[in-house]
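Welcome to this short tour of a protein model shown together with DNA. Take a look at the picture first, then read on one topic at a time.

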2 protein chains.
Amino acid sequence: MRKTFLFMDTVSNKVDAKGRVSLPADYRAIVKDTGSEIVCYRSLSSPCIEGCLEDLLDKLASEMENSLDFFSAAQDDLTNLIFGDAKRYSFDSTGRIMLSEKLLAHAGITDSAVFVGKGRKFQIWNTENWVQEEARIRAEVFKNRPSIRPVNSGEAK
Amino acid sequence: MRKTFLFMDTVSNKVDAKGRVSLPADYRAIVKDTGSEIVCYRSLSSPCIEGCLEDLLDKLASEMENSLDFFSAAQDDLTNLIFGDAKRYSFDSTGRIMLSEKLLAHAGITDSAVFVGKGRKFQIWNTENWVQEEARIRAEVFKNRPSIRPVNSGEAK
DNA sequence: TGGTATAACATGGGAATTTATGGGAATCAA
DNA sequence: TTGATTCCCATAAATTCCCATGTTATACCA
């Protein structure tokens, strides 16, 4: 049994005619190991689908429940949005999930989906959007951290 | 169970036709002892692959896990960059891992890989690049040394 | 102390397994 | 029934497992 789990890596899978997508094998292993379930919802900040383990949302719910924070009204709203939107997605015997039309539309996904790990969460992007988004993020990070320089070598193709 | 662990030494191993490389035996011992896993990602600052234990990233993920950060846009970018690029690499019964094409390309590695210990992390270099890099670092350190160590300390023990 | 036996390691190659993915049949909902 | 969802089987490619071999390091002994 593993002691930690993290959604990582970036993998692109096909969305078939029926709307099915293979959940990356690593992600499936996490679900198995934790005994939890995958939950997806529309990202509040980007045109992508966001997913995590049900455990995490449960934790979020607990925190909101016990919060004495007067200023958490805004967070409350956000939480409502998430829970109103979230839905469990279990995979079949071949490891595929079937994303709802609503989610696919929000992310502009048609025939291929890019899974991007974010640690306790992950995102699912339309291929072109993700290419742009990654470039944006890299530029942002290098701008804010002068000590780090973009690497120019290697990057063959 | 050991109290401390450090990735050390510099060892060069072959990358075979399938893309497999032996992880140095010392590194494997660390993985066994800690019960963690190796995680690799493209270095942000050099044309090399960087690796560490999954524990290290897990700690990072945990720090971002509370409800405040659940919706944090600032950390969003960072997690995408880090976890989106990282990937777990477990070694087979003979101690080899299979590095992804993306990583190998970034480091310009084709048929041999140099593992360089860095304490809690390690790096994997293309042989020629590492020779240059080491020379560069040594020169750099030598140049800066006078400002680091007082030159005139007659009272030094 | 030199030399040899033994164990650990790196590495090659083939077999077995896992993955991603397509398509058909069975099941379900209204 | 129609459309959709779920389940199951098939396949090709990629990945992992396993055994074999040469090499290096370590232990041991005379």
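Let us start with a single residue, B:Ser112, which touches B:Ser12, B:Asn13, B:Lys14, B:Val15, B:Trp125 and B:Thr127, leaving aside residues up to four places away in sequence. Please keep in mind that this is a predicted model. From this one residue we can move on to how the two chains meet, and then to the DNA.

**A closer look at one residue**

- B:Ser112 is part of strand E7 of chain B, which covers residues 112-118.
- One of the neighbours of B:Ser112 is B:Thr127, and the side chains of B:Ser112 and B:Thr127 are joined by a polar contact of 2.9 Å.

**How chains A and B meet**

- How many residues does each chain bring to the contact? Chain A gives 46 residues and chain B gives 39 residues.
- The size of an interface is often given as the accessible area lost when the parts come together.
- For chain B and chain A, the buried area is about 3500 Å², and carbon and sulfur atoms give 54% of it.
- On the chain B side, B:Phe70, B:Phe71 and B:Asn80 lose the most area to chain A, and together they make up 20% of what that side buries.
- There are 7 salt bridges between chain B and chain A. One of them pairs A:Arg136 with B:Asp77, with the closest N and O atoms 2.7 Å apart.
- Polar contacts also link the two chains, with a count of 17 residue pairs (both at pLDDT 80 or more).
- Several elements of chain B give two or more residues to the side that touches chain A, including strand E3 (38-42), helix H2 (54-63) and helix H5 (101-107). The largest share comes from H4(B), with 9 residues.
- Sorted by class, the side of chain B that touches chain A has 14 polar, 13 nonpolar and 12 charged residues.

**Comparing the two copies**

- Two copies of a chain are related by a rotation about an axis and a shift along it.
- Here, a turn of 36° and a shift of 7.7 Å along the axis lay chain B on chain A with an RMSD of 1.5 Å.
- Why do the copies meet through different surfaces? Only 13% of the interface residues of chain B are also interface residues in chain A, so the surfaces they use are different.

**Around DNA strand C**

- Of the 23 residues around DNA strand C, those that come nearest are A:Lys18, A:Arg20, A:Arg28, B:Lys18 and B:Arg28.
- Sugar or phosphate accounts for 43% of the atoms of DNA strand C within 4 Å of the protein, and bases supply the rest.
- Base oxygens of DNA strand C have polar side-chain atoms beside them: one from B:Lys18 at 2.3 Å, and one from B:Arg96 at 2.8 Å.
- An N or O atom in the side chain of A:Arg96 is 2.9 Å from a base oxygen of DNA strand C.
- In chain A and in chain B, strand E1 (10-14), strand E2 (20-22) and helix H1 (25-34) each supply at least two residues of the surface near DNA strand C.
- That surface has 12 charged, 6 polar and 5 nonpolar residues.

**Around DNA strand D**

- Residues from both chains surround DNA strand D, among them A:Thr94, A:Met98, B:Asp92 and B:Ser93.
- Of the atoms of DNA strand D that come within 4 Å of the protein, sugar and phosphate account for 27%.
- A base nitrogen of DNA strand D lies 3.3 Å from a side-chain N or O atom of A:Arg20, and for B:Arg20 the distance to a base nitrogen is 3.2 Å.
- Strand E6 (96-98) of chain A and strand E6 (96-98) of chain B are the elements that give two or more residues to the surface near DNA strand D.
- By class, this surface has 7 charged, 3 polar and 2 nonpolar residues.

Conventions. Residues numbered from 1 in each chain as written. Chains lettered and ligands numbered in written order. Predicted model: local features only at pLDDT ≥ 70, side-chain atom pairs only at ≥ 80, totals over all residues. Heavy atoms only, no water. Near = heavy atom within 4 Å. Polar contact = N/O pair within 3.5 Å; in protein donor to acceptor, adjacent residues only side chain to side chain. Helix = DSSP H or I, 4+ residues; strand = E, 2+ residues; numbered from the N terminus. Nonpolar A, V, L, I, M, F, W, Y, C, P; charged D, E, K, R; others polar. Contact = heavy atoms within 4.5 Å. Buried area = accessible area lost by both parts, 1.4 Å probe. Salt bridge = Lys/Arg side-chain N within 4 Å of Asp/Glu carboxyl O. Least-squares fit on C-alpha atoms with pLDDT ≥ 70 in both.
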